[in-house]
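Me: Could you take a close look at the charged side chains in this model and how they pair up? I'd like one connected walk-through, with the surroundings included where they help.

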Amino acid sequence: MSSEKRIGALYIRVSTDKQEELSPDAQIRLGRDYAAQHNIHIPDEYIFRDDGISGKKADRRPGFKSLIATARSKGHPIDCILVWKFSRFARNQEESIVYKSMLARDKVEVISISEPLPDGPFGALNERIIEWMDEYYLTNLSSEVTRGMTENAMRGNYQASPGIGYRSPGPKQVPVKDPDTFPIVEYCDRWFMQDLLSTRQIALRLNSMGYRTKRGNAFDARGVEYILRNPFYAGKIRWNYTERGRKLKPSDEVILADGRHEPAWSWEHHLEIQKRLDELAQINKRDTGKKKRDVSSCHHWLSGILICSSCGKTLAYTGNSKSKCFQCWSYAKGMCKESHSILVTKAEECVIDGLQQLLSSDSLQYTVVHKQSSSSEKEQELLRLLNTLNDRERRAKDAYLNGIDSLEEYKELRMQIQSERNRAQAELDSLSSDSDSSCDDNVLMVQNVQSALTILTDPDASYEKKGTAIRGIVDKIIYDRKNTSFDFHLKLVK
């Protein structure tokens, strides 16, 4: 053992599972005892800790990130890092190897107080085995937790936040009705089953009365349907019914158990609600399920162009056997208070008439939109290079913020990237400097509108061609149903 005193750091972590844990104070005491016996000095400012944080991901541990940044800072002030067990350093073997290799380049050793390793290759082998066992423990723990929660659900125990209209008196206790929000549930049932309102109409009523979701948002049709679909309100506990991304699981995998809370309605009534919801879904499917003509990934050449004057959302195209129209999608979901329904044929006529009137005016109001030319392979190559440099700069910044690179390394890399970016941008500017800009913008805008009108009034022109034409001259058209007006936002793309 070297007689020269080494400077050490102590990393303390208490994880979320609390199994086989030592308290932070105990880990600090054992770390200082080990340091005193092995000629290591640990300054108070070199004690880093993360309390109640999992070791699965390093980027979620601020104390760990600060430790790595300090160890790799200029002057390399730390010779070694002490941990109670290697699992305190990391439980993800891949991250453990990466960070230990990174520290090794700066001659910083990671030492486990309770897991001494022999010298030579067997020591490295033992360390890898310990890391593998730590990762296996974490994976197995996750499976055990899931299994335990599933068993709890099958027994009718409460382990999730209750639905709106109820509150939990305490962890795993039976939810009780919340007098402030339970009327929401009653309104949904009464308006849907007795008044025969749609979920969109119910959402509008709830919002007008000042009610909000548990997250404080306005209700929409989907939120109302979620309440009506939820078996919790029929006295059941539901578990394991969605995957990541809220995708519903097959019905045979869903766990339903009898709860002990007071239901809002009976199970028989719940089945009646589901029957009506399913019938409405089938009607909507028949009305909107027919194949529509695809226009630049839209259902109509005006899709995405018409905007509701009340809420600023787009008007969605809807079509059935009786009529085809545009309607504000936010209104359809119960979040916009004013209907902006307009027949498709009427919208087409108004847009064409509006453009013709604009041509007859003294001057056109428009916004000039500049786009970089990519007509040559060289220009495309330079644009790809600029995007690549932007990605490199973001990665370099992340590496610095996560303590992987020092400030000096980050500055040097940024200078290199900026130098390459300046060179590429200069080449790109020189290629586009000879572009034709002699044509008057107003004349060009008039020509573009005239060309678009020629296509829009051509009965033989395809929807895709019309969609491309309107998008070439219009950014958006704001439709005000109350005043029967169309506000055109023209653009000149150069």
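Reply: Happy to. Let's start with D44, which is exposed at a relative accessible area of 61%. This is a predicted model, and D44 forms a salt bridge in it with R32, at 2.7 Å from N to O. R32 sits in helix α1 and D44 in the loop between β2 and β3 (47–51), so the pair ties together parts that are twelve residues apart in sequence. R32 itself is partly exposed, with a relative accessible area of 31%. In the loop between α1 (24–37) and β2 (40–41) you will also find N39, which has a positive phi of about 60° without being a glycine.

The next pair links two strands. K236 and D258 form a salt bridge whose closest N and O atoms are 2.5 Å apart. D258 belongs to strand β9 (residues 255–258) and K236 to strand β8 (residues 236–239), so this bridge connects parts that are 22 residues apart in sequence. Like D44, which is exposed, D258 is exposed, here with a relative accessible area of 55%.

A third pair joins E109 and R6, with 3.3 Å from N to O. E109 lies in strand β5 (residues 109–112) and R6 in strand β1 (residues 6–14), so the pair ties together parts that are 103 residues apart in sequence. Here E109 is partly exposed at 40% relative accessible area, and R6 is partly exposed too, at 29%.

Some charged residues are joined in a group: E225, R229 and D278 are linked in a network of salt bridges. How many salt bridges are there in total? The count comes to ten, taking a side-chain nitrogen of Lys or Arg within 4 Å of a carboxyl oxygen of Asp or Glu.

That cut-off matters for K491, which is worth a slower look. K491 is in strand β16 (residues 485–493). Is K491 buried or exposed? K491 is buried, and yet it has no salt bridge. The nearest side chain of opposite charge is that of D475, 4.8 Å away, while the limit for a salt bridge is 4 Å, so K491 and D475 do not count as a pair. What does the side chain of K491 reach instead? It reaches the backbone oxygen of R471, at 3.0 Å.

The contacts of K491 fill in the rest of the picture. Leaving out residues up to four places away in sequence, K491 touches Y366, T367, V369, M445, R471, G472, I473, V474 and D475. Notice that D475 is on that list, although it forms no salt bridge with K491. Y366, T367 and V369 fall within β14 (366–369), and Q365 lies in the loop between α11 (344–360) and that strand. Q365 is exposed, with a relative accessible area of 65%. Q365 and H489 are 124 residues apart in sequence, but their C-alpha atoms are 7.8 Å apart in space.

To pull the charges together: D44 and D258 are exposed partners in salt bridges, E109 and R6 are partly exposed partners, and K491 is buried without a salt bridge, its side chain reaching the backbone oxygen of R471.

Key:
Residues numbered from 1 in each chain as written. Predicted model: local features only at pLDDT ≥ 70, side-chain atom pairs only at ≥ 80, totals over all residues. Heavy atoms only, no water. Helix = DSSP H or I, 4+ residues; strand = E, 2+ residues; numbered from the N terminus. Buried < 20%, exposed > 50% of the residue type's maximum accessible area, 1.4 Å probe, protein only. Lys, Arg positive; Asp, Glu negative; His and termini not counted. Polar contact = N/O pair within 3.5 Å; in protein donor to acceptor, adjacent residues only side chain to side chain. Contact = heavy atoms within 4.5 Å.
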